[in-house]
Amino acid sequence: MSSLHFLAILSPKPDRVARVEEIAESVSNYVKENEPGVLQYQWFRTGTEEKPKIVVWEQYADQAAVDIHKSSSKLAWLIATEGKESNMQEPIEVLPLEPFAGWAPQS
């Protein structure tokens with residue numbers, strides 16, 4: 001079975017980018033230490049100063065790894081933190097990706 005890929009798109013408020021980056025570090029460290037089924041979990045900056053975007057590229061070994069991530073206490077913390085702090089301009093969008101062309105290194 002091939003791995004599963006997702007792209008999460010975050011739109012932080014311009015004055016909340018630093019806070020979102022702090023949250024990203026915390027979540028990334030947790031995923032690395034506690035979710036061995038996550039093959040790739042990288043956060044990227046894009047957009048402009050007025051309309052910042054953060055993109056998270058996620059790759060999972062299988063559906064079980066996705067389910068573990070979705071039910072993790074750290075993801076629940078991220079969602080609760082956003083509810084309390086209102087760091088985003090728009091809701092977080094998570095897109096499943098289906099590779100159809102190109103190549104990637106084999107692990």
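Buried, as I use the word in these notes, means under 20% relative accessible area, while exposed means over 50% and partly exposed lies in between. I also note at the outset that the model I am reading is predicted.

**Helix H2**

I began with H2 and looked up which of its residues are buried, and found Ala-65, Val-66 and His-69. These residues cover an arc of only 100 degrees around the axis, which puts them on the same side of H2. This fits the general rule that an α-helix has 3.6 residues a turn, so residues three or four places apart point the same way. I then asked what covers the buried residues of H2, and the list includes S1, H1, S2, S3 and helix H3 (73-85).

Ala-64, which is also found in H2, gave another result: its relative accessibility is 43%, so I entered Ala-64 as partly exposed. At the start of the helix, I noted that a side-chain oxygen of Asp-62 comes to within 3.3 Å of the backbone nitrogen of Ala-64. I also checked Ala-64 against Leu-7, and the two are 57 residues apart in sequence and, from C-alpha to C-alpha, 18 Å apart in space.

**His-69**

Is His-69 of helix H2 buried or exposed? Its relative accessibility is 6%, and because the cut-off for buried is under 20%, His-69 counts as buried. I found a polar contact of 2.8 Å between the side chain of His-69 and the side chain of Glu-35. Leaving out residues up to four places away in sequence, I listed Val-31, Glu-35, Tyr-41, Glu-58, Tyr-60 and Leu-75 as the residues that His-69 touches.

**The largest nonpolar core**

I next looked up the largest nonpolar core, which has 16 residues, and recorded Leu-10, Val-27, Tyr-41 and Tyr-60 as those with the most contacts inside it. Two or more residues of this core come from each of strand S1 (4-10), helix H1 (17-34), strand S2 (38-47), strand S3 (52-60) and helix H2 (63-70). Of these elements, H1 gives the most, with four residues. As a general matter, nonpolar side chains in soluble globular proteins tend to be buried together.

I followed Tyr-41 further, and at 15% relative accessibility Tyr-41 counts as buried. Its contacts, again without residues up to four places away in sequence, are Val-27, Ser-28, Val-31, Val-56, Trp-57, Glu-58, Tyr-60 and His-69.

**Aromatic pairs**

How many aromatic pairs does the structure hold? I found two. In one of them, the ring centres of Phe-6 and Tyr-60 lie 5.9 Å apart with the planes at 75 degrees, so I entered the pair as edge-to-face. This pair links distant parts of the chain, since Phe-6 is in strand S1 and Tyr-60 in strand S3, 54 residues apart. Both Phe-6 and Tyr-60 are buried. Tyr-41 and Trp-43 also form an edge-to-face pair, with 6.2 Å from centre to centre and 75 degrees between the planes.

**Ser-86**

I looked up Ser-86, which is placed in the loop between H3 and strand S4 (93-97). Its phi is near 50 degrees, a positive value in a residue other than glycine. Most residues other than glycine have a negative phi. With a relative accessible area of 35%, Ser-86 is partly exposed.

**Annotation**

From the record, I copied the UniProt annotation "domain: ABM", taken from an unreviewed entry and covering residues 10-73. In the model this span is 42% helix and 31% strand, and its end C-alpha atoms lie 20 Å apart.

Definitions and conventions:
Residues numbered from 1 in each chain as written. Predicted model: local features only at pLDDT ≥ 70, side-chain atom pairs only at ≥ 80, totals over all residues. Heavy atoms only, no water. Core = buried A, V, L, I, M, F, W, Y, C linked by side-chain atoms within 4.5 Å. Buried < 20%, exposed > 50% of the residue type's maximum accessible area, 1.4 Å probe, protein only. Contact = heavy atoms within 4.5 Å. Arc of directions from axis to C-beta. Polar contact = N/O pair within 3.5 Å; in protein donor to acceptor, adjacent residues only side chain to side chain. UniProt positions renumbered as here; feature names shortened; annotations may be inferred. Phe/Tyr/Trp six-rings, centres within 6.5 Å; stacked < 30°, edge-to-face > 60°.
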